Amino acid sequence: MIIDCHGHYTTAPPQHQRFRDAQLARLADPSLPVPEPAAISDDEIRESVENHQLKVLRERGGDLMLFSPKASGMEHHVTDPATARVWAQVSNDLIHRVTGLFPQHFAGVCQLPQTPNGTLDDVIAELRRCVETLGFVGCNLNPDPSGGFWNSPPLTDPYWFPLYEVLVELDVPAMIHVSTSCNPSFHTLGAHYLNADTSVFMQLVQHDLFDRFPALRFVIPHGGGAVPYHWGRYRGLAVRMGRPDPAEHLMRNVFFDTCVYHQPGIDLLHKVIDTDNVLFASEMLGAVRGVDPETGIAWDDTKQYIERAGLTDEQSHKVFEGNVRRVYPRLDARLNSEGR
């Protein structure tokens, strides 16, 4: 099988966004009525997926995608907890409907109702609902709910520990994924996303989070941000600070995906990071769309880059399937029950 661990519902029917717009309008003007979630038919969901993610998945030879709400649309910078709670529930319910209509091709990953420095009670409740009731296999965790101002505690802070306890209990990983940037200094897709990937890795270098939570697993997307390119810097900083080597200290719990959109980047990822820590992903129909005019390959057709990276058959199997099933054991259990 070829399993893509990083996909977002960027093509949701437009009435879903209209509901969100109505939510935000009511926050600005409380005299407005409480909006109702959009009425979206199964046919509208089918059309939005069959002609986009599913079509491309099939064309590129993929089998299954881990699917979550649009990352930039999570908008965790909105401070009202009730609004965040409803928005996450509605968005996750829509993902659940996709996985119900296309169970062979999609598995759910949930949005969490985070707010800047807000309580984690709703976050934990929604995680439990999505995993235990809806059958989701993971979640997206935003390390910067402020949207680019970084005023929340680092992911190694005890603030996050109640969530980690539940992640370990449920045996689901968290993909580290910020949402939209509210800071004009940081472009959402070209800066903020990669800043977060890199910043979180350094937070982990500095602390002993996995001593406390040895079964906790994080997937750092977008190829790990700048980490593979600067692996020597992180090793050197660890030595300078008297910290363990990141390869020994972190890489039983931290995994990188392959959302890297050129051949030299994919080659570097595989040269620096052990194969056991690399999970296939494309984030197709996401940040970078279209075709590279120099190669004729779609930017986000990462499968082609991996196939050209000189991996052995065993390494390719790990990247395309084995590692994803190991990091997402609820997905593995589901596939085993289906004979896949």
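Two residues are in contact here when they have heavy atoms within 4.5 Å, and the exercises below apply to a predicted model.

**Exercise 1. Describe how helix α5 packs against helix α6, and give the classes of the residues that meet.**

Solution. Begin with the geometry: α5 covers residues 121–133 and α6 covers residues 161–170, and the two helices pack at an angle of about 10° with their axes 10 Å apart. Angles under 35 degrees count as roughly parallel, and that makes α5 roughly parallel to α6. Next, list the residues in contact: α5 contributes Val 123, Ile 124, Leu 127, Arg 128, Val 131 and Glu 132, while Pro 162, Leu 163, Val 166, Leu 167, Glu 169 and Leu 170 come from α6. Finally, sort this contact of α5 with α6 by class, which yields 9 nonpolar, no polar and 3 charged residues.

**Exercise 2. Characterise the largest pocket by its volume, its lining and the helices that supply it.**

Solution. The space in the largest pocket comes to about 370 Å³. Its lining consists of 20 residues, and those nearest the centre of the pocket are Leu 194, His 222, Cys 259, Val 260 and Tyr 261. Turning to the elements, α7 (188–206) and α11 (263–272) each provide at least two lining residues, and α7 gives the most, with 4 residues. By class, the lining of this pocket has 13 nonpolar, 6 polar and 1 charged residues.

**Exercise 3. Set out the volumes and linings of the largest and second largest cavities.**

Solution. The structure holds 3 cavities of 30 Å³ or more. The largest cavity has a volume of about 60 Å³, and among the residues that line it are Asp 4, Arg 60, Asp 300, Asp 301 and Lys 303. Its lining divides into 4 nonpolar, 3 polar and 5 charged residues. For the second largest cavity the volume is about 50 Å³, and its lining includes Cys 5, His 6, Gly 7, His 8, Asn 140 and Tyr 328. Two elements, β1 and β2, give two or more residues to this second lining, with β1 giving the most, 4 residues. The class count for the second largest cavity is 5 nonpolar, 5 polar and no charged residues.

**Exercise 4. Classify the aromatic pair of Tyr 9 and Phe 67, and state which strands hold the two residues.**

Solution. The pair is one of 14 aromatic pairs in the structure. The ring centres of Tyr 9 and Phe 67 are 5.3 Å apart and their planes stand at 40°, a tilted arrangement. Tyr 9 lies in strand β1 (residues 3–9) and Phe 67 in strand β2 (residues 64–69), so the pair ties together parts that are 58 residues apart in sequence.

Key: Residues numbered from 1 in each chain as written. Predicted model: local features only at pLDDT ≥ 70, side-chain atom pairs only at ≥ 80, totals over all residues. Heavy atoms only, no water. Axes fitted to C-alpha atoms, helices over the stretch in contact; angles between N-to-C directions. Parallel < 35°, antiparallel > 145°, perpendicular 65-115°, else oblique. Nonpolar A, V, L, I, M, F, W, Y, C, P; charged D, E, K, R; others polar. 1 Å grid on protein atoms, 1.4 Å probe; cavity = no way out; pocket = protein on both sides within 12 Å on 5 of 7 lines; lining within 4 Å. Points joined across faces, edges and corners; volume = space filled by probe spheres on them. Phe/Tyr/Trp six-rings, centres within 6.5 Å; stacked < 30°, edge-to-face > 60°.
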